[in-house]
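Biologist: I should like to go through this structure with you and hear the grounds for each term you apply. Please set each value against its cut-off before you conclude.

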Amino acid sequence: MEKTSLTFKKISTNDFHFLKSILQSEELMLLGWGKIYTDEEVEGWINKITQQYQEY
């Protein structure tokens, strides 16, 4: 069996374009969440996650 590794990193504002491509994808988001995020909502989502890093 082949061994694989997985690396986690914290989300940051540098990830905006990558996350935008996911959160604004009709194929992914309408199926899973039922909505498409605006640019402002993507920024808010990133801000919420980074704030939670500090709080928790």
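Modeller: Let me begin with Asp15, which touches Lys9 and Lys10 when residues up to four places away in sequence are not counted. Asp15 is found in the segment before α1. Please bear in mind throughout that this is a predicted model.

Biologist: Why is Asp15 called buried?

Modeller: Buried means under 20% relative accessible area. Asp15 has 14% relative accessibility and therefore counts as buried.

Biologist: What makes Ser25 buried or exposed?

Modeller: The limit for a buried residue is again under 20%. The relative accessible area of Ser25 is 17%, so Ser25 is buried. Ser25 lies in the loop between α1 and α2 (26-32), and with residues up to four places away set aside, Ser25 touches Leu30 and Ile36.

Biologist: And Glu40: why is this residue called exposed?

Modeller: Exposed means over 50% relative accessible area. Glu40 has 60%, and is therefore exposed. The place of Glu40 is in helix α3. The C-alpha atoms of Glu40 and Leu6 are separated by 30 Å, with their positions 34 residues apart along the chain.

Biologist: What makes Leu23 a buried residue?

Modeller: A value under 20% is required. Leu23 has a relative accessible area of 9%, so Leu23 is buried. Leu23 is found in helix α1.

Biologist: Which residues does Leu23 touch, not counting residues up to four places away in sequence?

Modeller: Contact means heavy atoms within 4.5 Å. On that criterion Leu23 touches Met29, Ile36, Tyr37, Val42 and Trp45. By C-alpha positions, Leu23 and Thr7 are 21 Å apart in space and 16 residues apart in sequence.

Biologist: Let us turn to the helices. How do you know that the buried residues of α1 line one face of the helix?

Modeller: The buried residues of α1 are Phe16, Leu19 and Leu23. Seen down the axis of α1, they fall within an arc of 70 degrees, and so they line one face. On the other side of α1, His17 and Phe18 are exposed.

Biologist: What covers the buried residues of α1?

Modeller: The cover includes α2 and α3.

Biologist: Which residues of α3 are buried, and what puts them on the same side of that helix?

Modeller: Val42, Ile46 and Ile49 are the buried residues of α3. They cover an arc of only 65 degrees around the axis, and therefore lie on the same side of α3. These buried residues pack against α1 (16-23). The face turned away from the buried side of α3 carries the exposed residues Glu40 and Gln54.

Biologist: How does the span of α3 compare with the expected value?

Modeller: Helix α3 (residues 39-55) has 17 residues and reaches 24 Å from its first C-alpha to its last. At 1.5 Å a residue, 24 Å is expected, and the span is close to that value.

Biologist: Which residues make up the largest nonpolar core?

Modeller: A nonpolar core requires buried residues of the nonpolar types joined through side-chain atoms within 4.5 Å. The largest such core has seven residues in all: Phe16, Leu19, Leu23, Met29, Tyr37, Val42 and Ile46. The elements that give two or more residues to this core are α1 and α3. The largest share, three residues, comes from α1.

Biologist: What does the radius of gyration show when set against that of a compact globule?

Modeller: For a compact globule of 56 residues the radius would be near 10 Å, but the protein has 14 Å. The C-alpha atoms fill a box of roughly 40 × 30 × 20 Å along the principal axes.

Biologist: How many helices and strands does the protein have?

Modeller: The secondary structure comes to three helices and zero strands. From the N terminus on, the order of elements is α-α-α.

Biologist: And which figures describe burial, surface and contacts for the whole protein?

Modeller: Of the 56 residues, 18% count as buried. The protein exposes about 5,100 Å², and carbon and sulfur atoms supply 54% of that area. Among contacts with a separation of 6 or more, 35% are between residues 24 or more positions apart.

Notes:
Residues numbered from 1 in each chain as written. Predicted model: local features only at pLDDT ≥ 70, side-chain atom pairs only at ≥ 80, totals over all residues. Heavy atoms only, no water. Helix = DSSP H or I, 4+ residues; strand = E, 2+ residues; numbered from the N terminus. Expected span 1.5 Å × (residues − 1). Buried < 20%, exposed > 50% of the residue type's maximum accessible area, 1.4 Å probe, protein only. Arc of directions from axis to C-beta. Rg over C-alpha atoms; globule rule 2.2 N^0.38 Å. Areas by Shrake-Rupley, 256 points an atom, 1.4 Å probe, with all protein chains shown as cover.
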